Amino acid sequence: MAIGATTTPEKEKPAGSFINDPQVRGIFYQAITVIILALLIYWIADNTIENLRRANIASGYGFVRGRAGFDVGQSLIAFTSDSTYGRALVVGFLNTLLVAIAGIITATIIGFIVGIGRLTHNWIIAKLSLAYVEVFRNIPPLLVIFFWYSGVLAVLPQAREALALPLNIFVSNRGVAFPKPVFGDGFQYTFYAFILAALASFLVSRYARRKQAETGQRMPVLWTVLGLVIGLPLVTFLATGAPLAFDVPVAGKFNLTGGSVVGPEFLSLFLALSFYTAAFIAEIVRAGIRGVSKGQSEAAHALGIRPRLTTRLVVVPQAMRIIIPPLTSQYLNLTKNSSLAIAIGYADLVAVGGTILNQTGQAIEVVSIWLIVYLSLSLATSLFMNWYNARMALVER
Amino acid sequence: MARRILTALVGAAVMGIGAPAASAATLDDVKAKGFVQCGVNTGLAGFSAPDASGNWAGFDVDYCKAIAAAVFGDGSKVKYTPTSAKERFPALQSGEVDVLARNTTWSINRDTALGFNFRTVNYYDGQGFMVRKGLNVKSALELSGAAVCVQTGTTTELNLADYFKSNNLQYNPVVFEKLDEVNAAYDAGRCDVYTTDQSGLYSLRLTLSKPDDHMILPEIISKEPLGPAVRQGDDQWFDIVSWVHYALVQAEEFGITQANVEEMKKSTNPDVQRFLGVEADSKIGTDLGLTNEWAVNIIKAVGNYGEVFDRNIGAGSPLKIERGLNALWNKGGIQYAPPVR
């Protein structure tokens, strides 16, 4: 303010008026802020330590090496009640990661479909998309989760009357059970063949692109790649004697036994988060596409580019620049919303941490672990999306 | 900008100072605020649940009322904090509640590492299993492969893991944070077995859509001594909470009831006179930091231990739980009060 108001050169400034010097003032206020912040942190820490001491609560992170003593229903890694609290936290973390990543992928797919659907000229599809967005956007995510969970529990048959689908898939209110592949001796060759095919496909498509750029000739890339990726492993698989068996779920006394089971907790959380976040992503996509100036597509049409190619090569790349930053926020929201898992008993980080908190009484430590993990997850997502955004940004020449 | 941050910081600091801190002299705090802040269950019929008109009622709730009656001579001076199994310990540790009367198992971990004190057991319980009758299960040992519904953060959850492990049985735990969530999941058939303290199973069975379709298995797999808990480091308050229970038990032993307490004051039995504080020069209550009428006030507010039991969970209630271990020591149980002398 003072800079703008004064016209006097600096050297002619009257002595003793340094109180009015904006720079000095700035430093003064910042120093005060830092001191108060430091005092506040000191006060909080001191009070916490004093209260913990008075309540005779041991503190520190040593508890993570203790025996957990409880079991976890859904785990991606081996876990028994003999495992440590630390491993229980890892189980919870992986479950959070699983539902977040699966949710982000599905939400993105649904979101893009619905978002583009809102812009089509087909009246029914546009209105259906609109209804979808308005319904899911305006319901709290917790209710959506309950909706799916009670839906799963109430609508699907009891475990012992599981609905049998083709391919030995069974659906009941205990989740979806499907055959678990059991890899025999020699299956690794099929796997190697697949890697080889993927590598070859990459080279072929690169060569095809270069050739098109140089000569304008196009190669049947899609069919070549499909043939490579499916054919080569299939031939190897049959040549090595089909070393693959399936562990099929069969009805046991209480539940289906054998096979792999995806529980209703994961299913409902995953579906709820996907459908809820997709509504927001749809709006972001719509905004992004609308944000590309109409002149761009008109110019493309004028050049004789077909509508489908116009969308793919002209509109979408420009729309992505608008879409990605708000999309990042939605990904972060989805990850954080996954902590609502606790309401339906999905063993995510918060649920498992809560159990540990209760067994050990280490409230501050457990809460700090939650904070650090969610902060790291969010920062990692942001970093990745920023990198992607930089790649997609318009290269200005 | 800097000024705005400053204001926000000062505001935060002031608010922080206003937050309750754990204090040593709980009795003084309670007297100063004029009520007992009592941590109870969010809803367990018979133990603590809001009744039809929204008032808290139940076995544990009566303990809250008894404590208030001992301190204030008025059983209604209680405020209730409903807590989930997970919330209850931080609530007591932080000083949010003065006492936790929430069917909480006394264990060495809670008595030491968590920083609480237990002394009295107001209900001797044990963990049991409930299943659907249609499963034709007669014993918990036949439960291998079952999905088991359990509330998280309880000793139940740990006992369950230990029991299935030691008997080499497989199971799939389905855990929820709140009792009503466990209830709903069990009722909907998400799991085959419901496990918690046996008293809880009797209570919860009443809330299922078809109570008669479910049965409680005979096995009791753990000792669950339930009792009120307080923070460590305040012996006076600990004494008061403990002696409220002993007074209830002692009153039953003397045959003093809510109805006859005034009459019993005229008793010539010196033990009864001492207990009710009518002895000359009595210090029976003042030594606790209360009035000599404290036992009378408790009995007037809720009756004796037997009355509290019968009204909420025993013969006079829908739960109809037998006294069993909770009968007086001279009636075949193990409820016993030290001498009031």
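Colleague: Is B:Asn136 buried or exposed?
Modeller: This is a predicted model. B:Asn136 sits in the loop between β8 and β9 (146-151) of chain B. The cut-off for exposed is 12 or fewer C-beta atoms within 10 Å. B:Asn136 has 9 C-beta neighbours inside 10 Å, so it counts as exposed.

Colleague: What is the phi of B:Asn136, which is not a glycine?
Modeller: The residue lies in the loop between β8 and β9 of chain B. Its phi is positive, at about 55 degrees.

Colleague: B:Asn103 also has a positive phi without being a glycine. Is B:Asn103 buried or exposed?
Modeller: Its phi is about 25 degrees. B:Asn103 belongs to the loop between β5 (99-100) and α5 (108-111) of chain B. A residue needs 20 or more other C-beta atoms within 10 Å to be buried. B:Asn103 has 28 neighbours inside that distance, so it counts as buried.

Colleague: Why is strand β8 (residues 127-132) of chain B described as largely enclosed?
Modeller: Look at the burial of its six residues. The rest of the structure largely encloses β8(B), because the buried residues number five of the six.

Colleague: Which residue is the bridge partner of B:Phe129 in β11(B)?
Modeller: β8(B) runs antiparallel to strand β11 (residues 193-197) of chain B. Five bridges join the two. In β11(B), B:Phe129 is partnered by B:Thr195.

Colleague: Which residue in β12(B) stands opposite B:Arg132?
Modeller: β8(B) also pairs with strand β12 (residues 214-216) of chain B. That pairing is antiparallel, over three bridges. Opposite B:Arg132 stands B:His214.

Colleague: Which strands stand at the edges of the open sheet β4-β1-β5 (chain B)?
Modeller: The sheet has three strands with parallel pairing. Each edge strand has a single partner, so one side of each is left without a neighbour in the sheet. The edge strands are β4 (78-83) and β5 of chain B.

Colleague: Which residue of β5(B) is the bridge partner of B:Gly39?
Modeller: Strand β1 (residues 36-41) of chain B pairs with β5(B) in the parallel sense. There are two bridges between them. B:Gly39 has as its partner B:Leu100.

Colleague: Turn to chain A. What is its radius of gyration?
Modeller: The chain has twelve helices and eight strands. Its C-alpha trace spans about 95 × 75 × 45 Å along the principal axes. A compact globule of 397 residues would have a radius of gyration near 21 Å, but chain A has 29 Å.

Colleague: How far apart are the end C-alpha atoms of helix α12 (residues 363-392) of chain A?
Modeller: The helix has 30 residues. At 1.5 Å a residue it should span 44 Å. The end C-alpha atoms agree with that, at 43 Å.

Colleague: Which elements are among those covering the buried residues of α12(A)?
Modeller: The buried residues in α12(A) are A:Val366, A:Ile369 and A:Leu377. Their cover includes three helices of chain A: α3 (85-117), α10 (307-337) and α11.

Colleague: Which element gives the most to the side of chain A that touches chain B?
Modeller: In all, 41 residues of chain A are in contact with 41 residues of chain B. On the chain A side, two or more residues come from each of α2 (22-54), α5 (141-155) and α11 (349-360). With eleven residues, the element that gives the most is α2(A).

Notes:
Residues are numbered from 1 along each chain as its sequence is written. Chains are lettered from A and ligands numbered from 1 in the order in which they are written. This is a predicted model: local features need pLDDT of at least 70, side-chain atom pairs count only at pLDDT 80 or more; totals for chains, interfaces and linings use all residues. Two residues are in contact if their C-beta atoms, placed from the backbone, lie within 7 Å. Helices (H or I, at least four residues) and strands (E, at least two) are DSSP runs, numbered from the N terminus. The radius of gyration is taken over C-alpha atoms; the globule rule is 2.2 Å times the number of residues to the power 0.38. Two strands pair if DSSP finds at least two bridges between them. The expected span of a helix is 1.5 Å times one less than its number of residues.
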